[in-house]
Amino acid sequence: MRSLDDSENLAGRVAEACARGEPLRIQGGGSKDFYAGPCTGQPLSTRTHSGIVHYEPTELVLTARSGTPLTAIEAVLAESGQMLGFEPPHFGSDASWGGTVACGLSGPRRPWAGSLRDAVLGCRIVDGRGKVLSFGGQVMKNVAGFDVSRLMTGALGTLGLLLEISVKVLPKPECEITLSFECSHVESRERMIRWGGSGLPVTGLAWDGRLYLRLAGAEPAVSTAVRRIGGDRAEDAAGFWNGLREHAHDFFSGEADLWRLSLPPAADTGRLSGAWLIDWGGAQRWLRTDADPDEVFAAAQAAGGHARLFRTLNPQAPRCAPLAPALAALHRRVRAVFDPAGILNRGLYPEAA
Amino acid sequence: MRPFECDALSAYTVLPWLAVLPETVEQVRAVLRLCHSQSVPVVTRGAGTGLSGGALPVAEGVLLSLAKFNRILEVDPANRLARVQPGVRNLAISEAAAPFGLYYAPDPSSQVACTIGGNVAENSGGVHCLKYGLTVHNVLQVTLLTIEGELLTLGSLGLDGPGYDLLALINGSEGLLGVIVEVVVKLLPVPETARTVLAAFDSIEAASEAVAGVISAALVPAGLEMMDNLTLRATEAFVHAGYPVEAAAVVLCEMDGMVEQVEAEIARARTVLAGHGAVEVRESRDEAERRKFWAGRKAAFPAIGRIAPDYYCIDGTIPRKRLAEVLGRIGELSERYGLAVGNVFHAGDGNLHPLILYDASHPGELERAEALGEEILVLCVEVGGTVTGEHGVGIEKLNPMCVQFGTAELRRFHALKAAFDAGGLLNPGKAVPTLARCAEFGRVHVHGGRLRHPELERF
C-alpha cells in the first residue's frame with residue numbers, strides 16, 4: 001500500500017478554488033458516486049493522500065488517510081484479529097476510506113455493533129477555505145468541544161474534505177454461525193423483534209423471503225444460542241451477508257428505483273407496495289417500487305423514520321424529503337460555517353443548499 | 001434563589017437574576033422568546049449534578065430549570081426505545097424498562113439523581129462506556145427549542161436521521177445550542193448474567209499493562225476499572241469490601257451477556273491478568289460477591305471525602321498505553337504541589353479521575369489544587385488525550401481547552417454556536433473558551449518556546 005501525505009497540496013488546491021469561487025468535486029474511488037448523486041465542479045482526487053497513519057491493536061483505534069483503499073484497512077486489521085465493527089459496504093473494489101466515511105453507510109452488523117458514525121473518534125479535514133482543522137482525537141471518551149467529527153460522517157464531503165479519520169475497531173468474534181428459516185414477511189417481523197432484543201449474540205438479522213440470523217461470539221455461547229433457537233444452518237452464509245452488504249444479492253438487480261427506509265424495527269409501512277428486503281432486524285428496509293417519491297417519504301415519516309432514494313436512473317429525482325423550514329435553514333448555516341463559498345461538492349446535499 | 005446558585009462544582013456560585021420552572025413546552029418557548037427579544041442570557045438546569053460548572057447561573061440571566069419535565073412518556077419494548085422528558089432521572093429510565101427485560105446503558109455515577117437532558121447536554125459516560133458507548137451512542141432522537149423558540153426534531157425513531165448529523169452536535173453541547181424538551185433513548189436487553197474479576201498488583205505499571213493485555217486478548221469488558229493504593233485504603237476503611245489493601249493497584253474487570261459467553265471471557269481475563277503479574281485474582285461467585293467487589297469502587301468518592309476535608313475530581317482521557325507513564329507523572333506533580341492524589345478510574349477507556357485532596361480552610365490550597373488539576377489535564381493532551389472524557393468543559397476546563405484546540409478549531413466552535421444562537425444567549429461563557437482567554441492562558445503556558453495564538457493582542 002502506498003503511503004503519502006498529500007494534505008498540503010489538497011489544502012492548497014481548495015484554498016485556490018475558494019479564492020476563485022470555483023466548485024470542486026472531491027473524488028475517492030468513485031465506488032459510491034451513484035449514492036452521492038450528480039455534482040458539479042473540478043475533480044479533486046484524494047487517492048494520492050493515502051496510508052494508515054496510526055494503528056494500535058491494544059488501543060482498538062485506527063487512523064487512516066482518506067485515499068487509503070478500504071480493502072487495505074480491512075486487511076491490516078484482520079492481521080491482528082480485528083475488524084471494522086460497522087461492516088461498511090464497499091460497492092466496488094476501489095472504495096476509499098474517505099468516501100466510506102463521507103457516505104456514512106454501515107452494514108448488517110450495525111444495530112448490535114454500532115454504526116460508522118458511532119465508531120468515529122476524530123478527524124482532520126480541509127474546510128472550504130483551504131484551512132486544515134482537527135477535531136476529536138484517538139481516545140474512546142472525548143467530550144471536549146462540539147462533536148464535529150461525527151457531523152462530518154455522512155455529510156458527503158460538503159462540510160470539508162476529509163484528510164484523516166480515526167475510528168474505534170473491534171476484535172473479530174471467535175465463532176460465527178448463520179441460521180436460516182422458512183418464514184413469511186409477517187412471521188419474520190415477529191421473530192426479528194423477539195430475537196433482535198433477546199440478548200443473544202446476534203450480529204445480523206435479515207429477510208429476503210427466508211429469515212437469516214447470524215450469531216457471533218465465544219463458541220460455547222453461539223452453540224447454546226443455536227440450540228435455543230433451532231432452525232437450519234444457512235448454506236453459503238458468507239455469500240449471503242456479503243451480497244446483502246454489497247448489494248450483489250439478486251434483489252438489488254434491475255432498474256426499478258431502490259429505496260432505503262430507516263425505521264423503528266417494529267414499524268408498519270402501511271400500504272406502501274413493492275418488493276421488500278429487510279435488514280438490521282427491521283430497522284433498515286430496502287424497497288423496489290415505482291411508487292411516487294412523495295408517497296414513500298410520507299410513509300417513512302409516518303412510521304417514525306425517513307426514506308432515501310438510494311439508486312435511481314433518474315438524476316433529477318429527489319433523494320430525500322425536504323426538511324422542515326427551520327431545520328433546513330439551520331443546515332444552511334452549519335454548512336456556511338465550514339464552506340461559506342459553497343465550493344465543496346456543490347449539489348450533493350440539497351438539504352443544506 | 002440560593003438553591004440555584006451552583007451545580008455540583010460548588011466551589012463556584014453565582015446568584016441568577018431569575019429562576020423559572022416551566023411545566024410545558026409552550027411555557028419554555030415563551031420564556032425563550034422573551035429572553036431572545038430582550039437579549040437576556042439563559043442557563044438551562046437539570047438536576048445540577050454536573051461537575052464542571054456547566055449549569056452555573058449567569059448573574060444577569062435566567063436560570064431555566066427543567067425539573068418539572070419529569071415524565072416518562074412511553075416505553076416501547078417492540079422498538080426497544082423510551083420517549084422521555086428531559087428532567088427524567090437516568091436510573092428511572094432503566095427502572096421503567098425493567099419489566100420488559102430492557103435497560104438504558106449509559107450509567108454515570110450520579111445516575112440516581114442526574115437527568116437524561118443533562119446526560120445529553122454533557123454526553124455523559126460511566127463504567128459501561130467501553131462496551132456500550134457514551135450517551136451519543138444511545139440517543140435516537142432529541143427535540144429541542146432554539147433560542148428563537150423554534151421547535152426542532154433531530155434524529156428519528158430509526159437508527160439514523162435525515163440531514164446532517166446534528167444529533168451528534170447536540171450530544172455534549174453543554175446547553176449552548178438549544179433547550180432539550182424531549183429525548184428518545186435506545187434500550188438494550190438486560191444481560192443474562194454479569195461476573196467480575198478482581199486482580200491485585202504490586203505495581204501501577206503491572207496493573208496498567210494488564211489493562212492493555214485484556215483489550216489485546218480480544219476482550220471488550222462491560223467494565224474495566226482501576227484503583228490505586230490510596231483509594232483502596234480509603235474505600236476499605238469505609239465499606240469493608242475485603243479489598244487487598246497492601247496492593248499498589250486493583251483492577252476490576254466485569255463481563256456481561258450470555259452465561260456461556262461470560263464464562264469463556266472471564267476465564268480468558270483471569271489468564272491474562274495472572275499472566276501480567278497479578279499477585280492475587282478473585283472471581284465473583286455470585287451476585288452478592290459481585291456487588292461487594294463494586295461497592296468500594298462505587299463508594300470511592302465519598303470514601304476519599306472521609307480522609308480529606310475537600311477533594312477536587314479531575315476528568316481527562318488518555319490513550320491506554322500511556323496509563324503507567326501518566327500515573328507516574330501525576331505522582332510527581334502530587335509531590336511538587338504537596339497535595340495527595342488518589343486515582344480511581346475507567347481504565348478500559350483511559351478515562352482518568354484523579355482526586356486531589358486539599359483543605360479549603362487553608363488559604364491558597366484550593367487555588368493550588370486547581371493549578372495541579374490544570375497541569376494534569378494539560379498532561380492528558382500532551383500524551384494524545386483530551387481534557388474531558390465525561391464531565392464536560394463547563395467553566396472548569398476552559399483554560400485546558402486552549403491547549404487541546406488551536407485558534408482555527410475554536411473559531412469554528414464559536415461559528416457553530418452562532419449558527420444555532422446568533423446572539424450567544426444560551427449558557428454564555430461555558431464549554432468553548434474565547435480566543436482572548438486562550439491568549440491570556442497561553443502567555444503563562446508557553447510550551448517549547450512557541451507562543452500560542454501569536455496573532456492576538458496580549459491583554
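# Two chains and the charges between them

Across the interface of chain A and chain B, the rule picks out eight salt bridges. This is a predicted model, so everything below is computed from predicted atoms. Let's start where the two chains meet, then look at some charged residues up close, both the paired ones and two buried ones in chain A.

**Where chain A meets chain B**

- Start with the headcount: 73 residues of chain A and 78 residues of chain B take part in the contact.
- About 6,200 Å² of area gets buried between chain A and chain B, and carbon and sulfur atoms supply 62% of that.
- Which residues of chain A lose the most area to chain B? They are A:Lys141, A:Val143 and A:Phe146, which together make up 16% of what that side buries.
- Besides the salt bridges, the interface of chain A and chain B has 31 residue pairs in polar contact, with both residues at pLDDT 80 or more.
- Helix α12 of chain A (residues 325-338) gives the largest share of the side of chain A that touches chain B, namely nine residues.
- Sort the residues on that side of chain A by type and you get 38 nonpolar, 17 polar and 18 charged.

**Salt bridges between the chains**

- A quick bit of background: side chains with opposite charges can pair when their charged atoms come close.
- How many salt bridges does the rule count over all chains? The total comes to 42.
- One bridge pairs A:Glu56 with B:Lys321, at 3.1 Å from N to O.
- A:Glu56 sits in strand β3 of chain A (residues 52-56), while B:Lys321 is in the loop between β16 (316-317) and α11 (323-337) of chain B, so this pair joins two chains.
- Are these two partners buried or exposed? A:Glu56 is partly exposed at 21% relative accessibility, and B:Lys321 is also partly exposed, at 44%.
- Another pairing brings B:Arg412 together with A:Asp127, whose closest N and O atoms are 2.1 Å apart.

**Salt bridges inside chain B**

- B:Lys68 and B:Glu23 form a salt bridge, with 3.4 Å between their closest N and O atoms.
- B:Lys68 is in the loop between β3 (62-65) and β4 (72-76) of chain B, and B:Glu23 is in the loop between β1 (18-20) and α1 (25-38), so the bridge ties together parts that are 45 residues apart in sequence.
- B:Lys68 itself counts as partly exposed, at 39% relative accessibility.
- B:Arg290 bridges to B:Glu287, and here the closest N and O atoms are 2.8 Å apart.
- Both B:Arg290 and B:Glu287 belong to helix α9 of chain B (residues 287-298), three residues apart, or about one turn of the helix.
- B:Arg290 counts as buried because its relative accessibility, 15%, falls under the 20% cut-off.
- B:Glu287, on the other hand, is partly exposed at 36%.
- Some salt bridges share partners: A:Arg110, A:Arg117, A:Asp118 and B:Asp165 are joined this way into one network.

**A:Asp339, a buried acid in chain A**

- Look for A:Asp339 in the segment after α12 of chain A.
- A:Asp339 counts as buried, with just 2% relative accessibility.
- What does its side chain reach? The side chain of A:Asp339 comes to 3.0 Å from the backbone nitrogen of A:Ile343, and one of its polar atoms is 2.9 Å from the backbone nitrogen of A:Leu344.
- Setting aside neighbours within four places in sequence, A:Asp339 is in contact with A:Gly128, A:Thr158 and A:Leu344.

**A:Arg285, a buried base in chain A**

- A:Arg285 is part of strand β16 of chain A (residues 284-288).
- A:Arg285 is buried too, at 4% relative accessible area.
- A polar atom of the A:Arg285 side chain lies 2.9 Å from the backbone oxygen of A:Pro265, and the backbone oxygen of A:Pro264 is 3.4 Å from a polar atom of that side chain.
- Beyond residues up to four places away in sequence, A:Arg285 touches a list of residues including A:Trp259, A:Leu261, A:Thr269 and A:Trp276.

**A record for chain B**

- The unreviewed UniProt entry places the feature "domain: FAD-binding PCMH-type" at residues 12-190 of chain B.
- In the model, the end C-alpha atoms of residues 12-190 lie 39 Å apart, and the span is 21% helix and 25% strand.

How values were computed:
Residues numbered from 1 in each chain as written. Chains lettered and ligands numbered in written order. Predicted model: local features only at pLDDT ≥ 70, side-chain atom pairs only at ≥ 80, totals over all residues. Heavy atoms only, no water. UniProt positions renumbered as here; feature names shortened; annotations may be inferred. Helix = DSSP H or I, 4+ residues; strand = E, 2+ residues; numbered from the N terminus. Contact = heavy atoms within 4.5 Å. Buried area = accessible area lost by both parts, 1.4 Å probe. Salt bridge = Lys/Arg side-chain N within 4 Å of Asp/Glu carboxyl O. Polar contact = N/O pair within 3.5 Å; in protein donor to acceptor, adjacent residues only side chain to side chain. Nonpolar A, V, L, I, M, F, W, Y, C, P; charged D, E, K, R; others polar. Buried < 20%, exposed > 50% of the residue type's maximum accessible area, 1.4 Å probe, protein only.
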